[in-house]
Amino acid sequence: MEHAGLEPQELDAVVFYERPMLKFDRILTCALRAFPRSWRAFPKAMKNSLGEKVWMRGIISSHLGVPGNKILFTEHHQSHAAAAFLTAPTHRAAILTTDGVGEWATLTVGHGERRVNGATTIDLTREIRFPHSLGMLYATFTAFLGFAVNDGEYKVMGLASYGRPTMVDQVRRLIHPTPDGAFTLDLDYFEFQTTVERSYSSRFVDLFGPPRNPYEPIDLETAEGRRYADCAASVQRVLEDTLVDMTRALHRETELPDLCLGGGVALNGVANARILRESGFDRVFVPSAPGDAGCALGCALYADRIHFGNPDREIPDHPFWGPSVDGDELARLAREDGQLMNELEDGDLIEETAADLEAGRVVGWMDGAMEFGPRALGHRSILAAPHSVEMRDRLNRDIKYREEFRPFAPVVPIEVAGRYFDLPPGGARLARFMSGVFPVRPEWRSRLAAVTHVDGTARVQVLERDMAPRLHALLQAYGRRSGIPVLLNTSFNVAGEPIVNRAVEGYLTFRRCGIDVLVAGQTRLVKRASQQQKEKEKAKEEVA
Ligand SMILES: [Fe+2]
């Protein structure tokens, strides 16, 4: 509202991304069905979010000052589907959404159509219901492997490439295909449907061995460590196979060339790349925020196009929906703090920054409006030279403080992407918002060591000039100097913190971690040598 200069009473509607009563119904039903085992889950759920959600209309109404009759609700998977389909540059597409759970649905399939001068439709024709859920299957392994559910799933995917899928047969005991093309979970192996204490049952532990202690690092040199990696590889394989089977069937049924994917499971870039290669669809679209955050955009679009029946409009094909960064604010902060700072024209700024990167400096890069979604797509990024393992280790050690099996991602201009990465047809599109994992071409792996995962792949962002012109120019300038127009691109934050948004957040992060140069708008800041020394000493002390 601030951005648009609107007051609450000017809103046509406020849309909430799921139907609270249906969710309440699901939780109540499951609690009763599992009685008495579930008695612990129910009061907890009530206390956490349920009470709030049931009263959502009143809460929104009183907080925003919008009358209750203007508050609308979409179903959760309608929101996912709308976020995926209505933001994609296509007018007809098959749709598949999959996550942990919404109200009841955990996976839906259907199709959408945007008619010029006509109605927009999204028909979700079939759904799989809780507790049968691909998201919950993956989340159960996430918990078993000692990572945080709803947050650590990407770590399971990263760990998977260190393992071999030796336990696929065991995982297949947990999930059974049904004759109609869906699947069921064997609930004897799970407890998430009855308790919040633990998501897997003792039969699960009989099958896969003891769970990992989250506080102990994974050592891949030991048999234990390899078992965890093999577990991850096995569930990853089964997830991929299931999605490939379902999207193949959806392609046969719809005979459409385009597929839109939504829901948190669509963050699995390895699975997405296999869907693109194997399902028969020519193009696969994943929005920049396929998870629940993107439902905000999805439900608003759903209400506009379908509830109100407004005519279709193109949605700009970029992820930059956030607040803009103010370079002058950074200049002011730096001046007050006595930092080395200059304000440059774009041409000079880009050349200087390319020179910094070539000299091995780590650059905090803030440009324009912030990206929406979990991936840094070039407006709030930490950039660095992608060539050496030392750079990867330095970033992990000095900035990201994170596990060594987590790879960094590269960004490359679309014009030369195929030289460095093995992209199938449609691959560049999937890589627009970093939604696919693709092989680095073998001849470039040693020169792209900081961004090549142990299995030779990378979660590459393929950049079109129009989407982020300054980053595109920087890549080209870097390419002229180094011979390789590829940069390491990771989200601009330190471990455990959200991505920086405003200039002051970028500045504070720059001051207390191993970033050498900070750019926001036309302002460029270089860390003083004395401060770099201080940081190193501090790091040493902390180690000691
Ligand atoms: Fe969801």
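1. A word on terms before we start: helices here are DSSP runs of H or I with at least four residues, numbered from the N terminus. That is how to read "helix 11" in what follows. Please also keep in mind that this is a predicted model.

2. Let us begin with the second largest pocket, where helix 11 gives the most to the lining, with seven residues. Helix 11 covers residues 294-307, and strand 1 (14-16) also supplies at least two residues of this lining. The pocket holds about 980 Å³ of space. In total 27 residues line it, and M1, L6, L11, A13 and A300 lie nearest its centre. Sorted by class, the lining has 18 nonpolar residues, six charged ones and three polar ones.

3. Helix 11 turns up again at the largest cavity, where helix 11 and helix 4 each supply at least two residues of the lining. The structure holds three cavities of 30 Å³ or more, and about 180 Å³ of space lies in the largest of them. Its lining counts 21 residues, with A83, T87, P287, S288 and F433 lying nearest the centre. By class, 15 of these lining residues are nonpolar, four are polar and two are charged.

4. Now to the metal site. Which residues hold the iron ion as its protein donors? They are H76 and H80, each through NE2, together with D99 and D292, each through OD. These donors lie 2.1 to 2.2 Å from the iron ion. Along the chain, their spacing reads H-x3-H-x18-D-x192-D. H80 lies in helix 4 (residues 76-85), while D99 lies in the loop between strand 3 and strand 4, so this pair ties together parts that are 19 residues apart in sequence.

5. Why does the arrangement around the iron ion count as irregular? The four donor atoms subtend angles of 90 to 170°. A tetrahedral label would need all angles to lie between 85 and 135 degrees, and the range here runs up to 170°. For comparison, the ideal angle for four tetrahedral donors is 109.5 degrees.

6. Are the donors H80 and D99 buried or exposed? The cut-off for buried is under 20% relative accessible area. H80 has a relative accessible area of 1%, so H80 is buried. D99 is buried as well, at 5%.

7. The strands beside D99 deserve a look. Strand 3 (residues 92-98) and strand 4 pair in the antiparallel sense over seven bridges, and they form a hairpin with six residues between them. One of the bridge partnerships links T97 to T108 in strand 4. Strand 4 itself spans residues 105-114 and is mostly covered, with eight of its 10 residues buried.

8. Strand 4 has another antiparallel partner in strand 5 (residues 120-129), and this pairing runs over nine bridges. Here V109 has R126 in strand 5 as its bridge partner. Five residues lie between the strands in this hairpin, where N117 takes a positive phi near 55°.

9. Last, a spot you might pass over: P386, in the loop between strand 12 (380-384) and helix 14 (389-400). P386 has a relative accessible area of 0%, so it is buried. From C-alpha to C-alpha, P386 and R361 are 11 Å apart in space, and they are 25 residues apart in sequence.

How values were computed
Residues are numbered from 1 along each chain as its sequence is written. This is a predicted model: local features need pLDDT of at least 70, side-chain atom pairs count only at pLDDT 80 or more; totals for chains, interfaces and linings use all residues. Side-chain values use heavy atoms; hydrogens and water are left out. Buried means under 20% relative accessible area, exposed over 50%, partly exposed in between (1.4 Å probe, protein chains only). Two strands pair if DSSP finds at least two bridges between them. Donors are N, O and S atoms within 2.8 Å of the metal (3.2 Å for Na, K and Ca); water is not among the atoms, so sites may look incomplete. Four donors count as tetrahedral if all angles lie between 85 and 135 degrees; four count as square planar and six as octahedral if opposite donors are over 155 degrees apart and all others between 65 and 115; anything else is irregular. On a 1 Å grid over the protein atoms alone, a cavity is a set of points where a 1.4 Å probe fits but cannot get out, and a pocket is an open set with protein on both sides within 12 Å along at least five of seven lines; lining residues have an atom within 4 Å of a point. Grid points are joined across faces, edges and corners, and a volume is the space filled by probe spheres set on the points. Ala, Val, Leu, Ile, Met, Phe, Trp, Tyr, Cys and Pro count as nonpolar, Asp, Glu, Lys and Arg as charged, and the others, Gly among them, as polar.
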